[in-house]
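This report describes how selected parts of a protein model pack together. Please keep the structure in view while reading.

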Amino acid sequence: MRKKNSIFNMLGSLGSYLFATIFTFITQACIVRILGIEYSGVNGLFTNILTMLSVAELGIGTTIIFKLYKPIAEDNKEEIKSWMNFYKICYRCVALVITIIGVIIIPIVPTIVGEVAIPESIIFLYLISLLDTILSYVMTYKRSLLYADQKNYIVNIVHMGYTIFMNITQIILLAIFKNYVVFLAIKLVYRLLENIIINIYVNKHHPYINEPAKKLESQERKDVINRIKAIFLQKISFVVNKGIDNIVLSIFLGITVVGYYTNYNMIVSAITTIIYQILSSLTASVGNLLTENNTEKSYDIYKKINMLNSFITGIFIVGFTCAIQPFITLWVGKEYLLSNFTIWIFAFYIYSDSIRRAITMYKEAAGICKEDQFMYVIMAIINLVTSIILCKIIGVAGVILGTAMSYLFLIIYSYPKYIYKPIFHKSYREYYRENVKYFVYIVIATVLSAVICNVITIDNSLWQFICNGIIAVGIAVILFIILFGRSKEFRYYIEMLKEVKARIIK
């Protein structure tokens with residue numbers, strides 16, 4: 001059952017994000033071509049500012065989902081009801097805090113945006129975006145039950161529908177009215193619909209959660225508060241990491257540069273999100289596995305997941321490096337291209353953000369939060385300082401590199417010390433050996449593909465994109481098979497594919 005749910009979650013995550021990403025790209029192209037690059041910059045900047053506000057969530061969702069694993073496994077409905085009721089109260093408080101902070105920072109929003117040649121009020125556009133963020137917390141708590149119950153694919157399917165229909169509506173109305181306010185209003189409507197649909201599903205399949213619930217015992221509440229205190233530092237640090245880039249770019253280089261950056265960052269975010277969704281779909285299964293207290297079995301599964309993570313990350317990095325420039329030309333226009341140097345820095349960022357997903361999945365499943373909390377503060381400081389300094393030296397690439405370097409600190413120092421060794425009882429040498437071999441593979445595949453793609457030039461951007469993509473993926477797959485085809489982990493996936501094929505034939 002654990003493997004079955006993991007496969008369903010993985011396929012649901014991958015399918016929903018592929019469809020959603022396609023429509024999001026079409027919508028972004030419409031913003032740039034119909035409204036202009038400055039609207040793209042404003043849209044990206046507001047997304048980052050509101051990401052910063054999400055620090056008010058304090059890691060409550062991660063903590064509650066962790067607490068739900070055991071009662072769900074034991075089918076303890078009374079305890080599930082108590083946790084869900086507590087979660088509801090917490091998220092309503094989060095929505096209130098975000099509202100208050102969001103209103104307080106209104107006076108500084110125009111300063112962050114800077115000079116911009118658009119007719120709408122920046123404050124008004126910001127308030128609509130703020131309302132969308134608030135709505136995402138008011139009605140969203142019930143989906144946590146699906147995450148903890150290994151039913152991520154249900155949420156992903158609903159979210160796919162939300163994204164597709166929302167983007168279609170936005171594109172049509174954008175073409176008709178050419179109005180950014182209408183564009184944002186449509187997002188509010190569909191946000192409500194998404195939450196309502198998920199709530200209806202949860203109420204139907206788990207009707208008991210709407211029954212009166214007992215209050216959590218004081219010790220349970222105290223434990224949650226302690227975990228939230230520990231997660232808080234991690235949460236605020238990651239929020240700074242995810243939200244600081246556009247703000248630094250806007251302040252030092254201007255909102256137009258943010259627009260250029262946003263086009264590329266949408267693609268990078270889509271890549272890292274797809275990788276995250278594929279891996280995060282396994283988190284509940286890993287959490288269930290860790291309750292068995294079988295260290296060797298957990299480590300064996302980790303190596304398999306780490307190989308899958310490295311393979312997927314490598315495919316995306318090689319493909320991105322070789323095909324991104326012709327894709328941008330096709331998508332929004334040649335005039336919005338960034339330098340090739342910036343592309344390589346983006347590729348390094350994708351590596352640093354995505355390659356850590358296997359180990360962080362075990363961190364979340366094991367509930368590790370107190371032990372490494374201060375590491376994330378250091379990470380945020382590294383990002384902020386290096387992004388500002390490097391932005392002044394090498395521009396956009398400097399901000400991206402600053403963020404990548406902060407993640408690299410976690411990969412090299414924090415993860416082996418606070419996650420890998422405590423959970424698996426393995427040496428640091430084993431951790432570094434495991435990761436270096438995959439890093440070398442990605443570097444060789446990327447450089448080799450880029451050299452070949454640079455030799456083959458086609459006047460048509462579409463055919464150049466297709467050709468580069470085929471070359472990149474082909475080389476990445478072939479090299480992976482050559483290097484790791486005889487490994488135990490690789491054979492595991494081959495057997496899994498044979499099993500899936502046999503079931504399909506039957």
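## Two oblique helices

Helices α13 (residues 295-331) and α17 are oblique to each other, because their axes cross at roughly 130° and oblique covers angles that are neither under 35 degrees (roughly parallel), over 145 (roughly antiparallel) nor 65 to 115 (roughly perpendicular). The two axes come within 9 Å. Helices here are DSSP runs (H or I, at least four residues), numbered from the N terminus.

In α13, Thr295, Ser298, Tyr299 and Tyr302 meet Tyr420, Ile423 and Phe424 of α17, where contact means heavy atoms within 4.5 Å. By class, five nonpolar, two polar and no charged residues form this contact.

## Basis of the model

The model is predicted; local features need pLDDT of at least 70, side-chain atom pairs count only at pLDDT 80 or more, and totals for chains, interfaces and linings use all residues. Residues are numbered from 1 along each chain as its sequence is written, and side-chain values use heavy atoms, leaving out hydrogens and water.

## The nonpolar core

The largest nonpolar core (buried Ala, Val, Leu, Ile, Met, Phe, Trp, Tyr and Cys residues joined through side-chain atoms within 4.5 Å) has 156 residues. Helix α17 (residues 396-424) gives the most to this core, with 16 residues. Tyr302 is among the residues with the most contacts inside the core.

## Ala323

Ala323 lies in helix α13. Ala323 is buried, with a relative accessible area of 7%, since buried means under 20% (1.4 Å probe, protein chains only). Leaving out residues up to four places away in sequence, Ala323 touches Phe465, Asn468 and Gly469.

Notes
Buried < 20%, exposed > 50% of the residue type's maximum accessible area, 1.4 Å probe, protein only. Axes fitted to C-alpha atoms, helices over the stretch in contact; angles between N-to-C directions. Nonpolar A, V, L, I, M, F, W, Y, C, P; charged D, E, K, R; others polar.
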